[in-house]
Amino acid sequence: MPTEPLSQKEIEDRLRELPGWSQEGDRIARSYRLSAHFAATAMVVHIAQIQDELNHHSDLTLGYNTVALSVNSHDAGGAVTEKDFELAQRVEQIAAGHGAS
């Protein structure tokens with residue numbers, strides 16, 4: 001069964017619950033700053049593990065001391081769905097443990 005796209009209002013309401021996240025076109029996105037490259041790399045590995053658990057993958061970018069991700073649902077025609085917010089919430093839950101801000 002395909003995943004249903006969220007309405008624009010649903011997206012806006014859900015983003016209010018996720019400080020730092022924003023809508024960028026047909027995706028939701030966030031960037032994090034960390035103390036050093038190793039900390040950023042460790043966070044990327046942790047995010048990759050979460051994505052595999054959810055079987056839902058974002059575009060994930062590692063910088064020197066930054067991690068950026070953006071996500072939408074391909075099985076919903078590239079729209080934002082509940083699956084995207086589930087991933088965002090899981091990433092938020094681990095971010096502080098990596099020292100991300």
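Let me start with an oddity: Asp84 is buried but has no salt bridge, and the nearest side chain of opposite charge, Lys83, sits 7.3 Å away. Before going on, this is a predicted model, so local features need pLDDT of at least 70, side-chain atom pairs count only at pLDDT 80 or more, and totals for chains, interfaces and linings use all residues. Residues are numbered from 1 along each chain as its sequence is written, and side-chain values use heavy atoms, with hydrogens and water left out.

Quick vocabulary, then. Buried means under 20% relative accessible area, exposed means over 50%, and partly exposed is in between, with a 1.4 Å probe and protein chains only. A salt bridge is a side-chain nitrogen of Lys or Arg within 4 Å of a carboxyl oxygen of Asp or Glu. For charge, Lys and Arg count as positive, Asp and Glu as negative, and His and the chain ends are not counted.

Back to Asp84, which lies in helix 3. Helices here are DSSP runs of H or I with at least four residues, strands are runs of E with at least two, and both are numbered from the N terminus. So what does Asp84 touch, leaving aside its neighbours within four places in sequence? The contacts, meaning heavy atoms within 4.5 Å, are Ile28, His56, Val71, Asn72, Ser73 and Ala79.

Just before helix 3 there's Thr81, in the loop between strand 4 and helix 3. Thr81 is buried too, at 0% relative accessible area. Setting aside residues up to four places away, Thr81 touches Thr3, Glu4, Pro5, Leu6, Ser73 and Ala76. Thr81 and Glu10 are 71 residues apart in sequence, yet their C-alpha atoms are 9.4 Å apart.

Further along helix 3 we get Ala88, which counts as buried because its relative accessibility is 0%. Outside its neighbours within four places, Ala88 is in contact with Leu18, Trp21 and Ile28. With Trp21 the separation is 67 residues along the chain and 8.2 Å between C-alpha atoms.

Now the helix packing. Helix 1 and helix 3 pack at about 10 degrees, with axes 11 Å apart. The axes are lines fitted to C-alpha atoms, for helices over the stretch in contact, and angles run from 0 to 180 degrees between N-to-C directions. That makes the two helices roughly parallel; the cut-offs are under 35 degrees for roughly parallel, over 145 for roughly antiparallel, 65 to 115 for roughly perpendicular, and oblique for the rest. Where they meet, Ile11, Arg14 and Leu15 come from helix 1, and Glu82, Phe85 and Gln89 from helix 3.

On to the core. A nonpolar core here is a set of buried Ala, Val, Leu, Ile, Met, Phe, Trp, Tyr and Cys residues joined through side-chain atoms within 4.5 Å. Which members of the largest one touch the most others? Of its 25 residues, they are Trp21, Ile28, Tyr32, Leu34, Met43 and Phe85. At least two core residues come from each of helix 1 (8-16), strand 2 (27-33), helix 2 (37-54), strand 4 (66-71) and helix 3 (82-95). Take Tyr32: beyond four places in sequence, its contacts include Trp21, Met43, Val67, Leu69 and Val91.

Salt bridges next, and the structure holds eight. Arg30 and Glu92 pair up at 2.7 Å, N to O. That pair links distant parts of the chain, with Arg30 in strand 2 and Glu92 in helix 3, 62 residues apart. Arg30 is buried at 14%, while Glu92 is partly exposed at 25%.

Over in helix 1, Arg16 bridges to Asp13, with the closest N and O atoms 2.4 Å apart. Those two are three residues apart in the helix, so about one helical turn separates them. Arg16 is exposed at 61%, and Asp13 is partly exposed at 26%. Lys9 joins both of them in a network of salt bridges. Glu17 and Arg14 make another salt bridge, at 3.7 Å, N to O; Glu17 is exposed at 53%, whereas Arg14 is buried at 14%.

Last item: a backbone quirk. Most residues other than glycine have a negative phi. Asn55 isn't a glycine, but has a positive phi of about 55 degrees. Asn55 is found in the loop between helix 2 and strand 3 (59-62), and is exposed at 60%.
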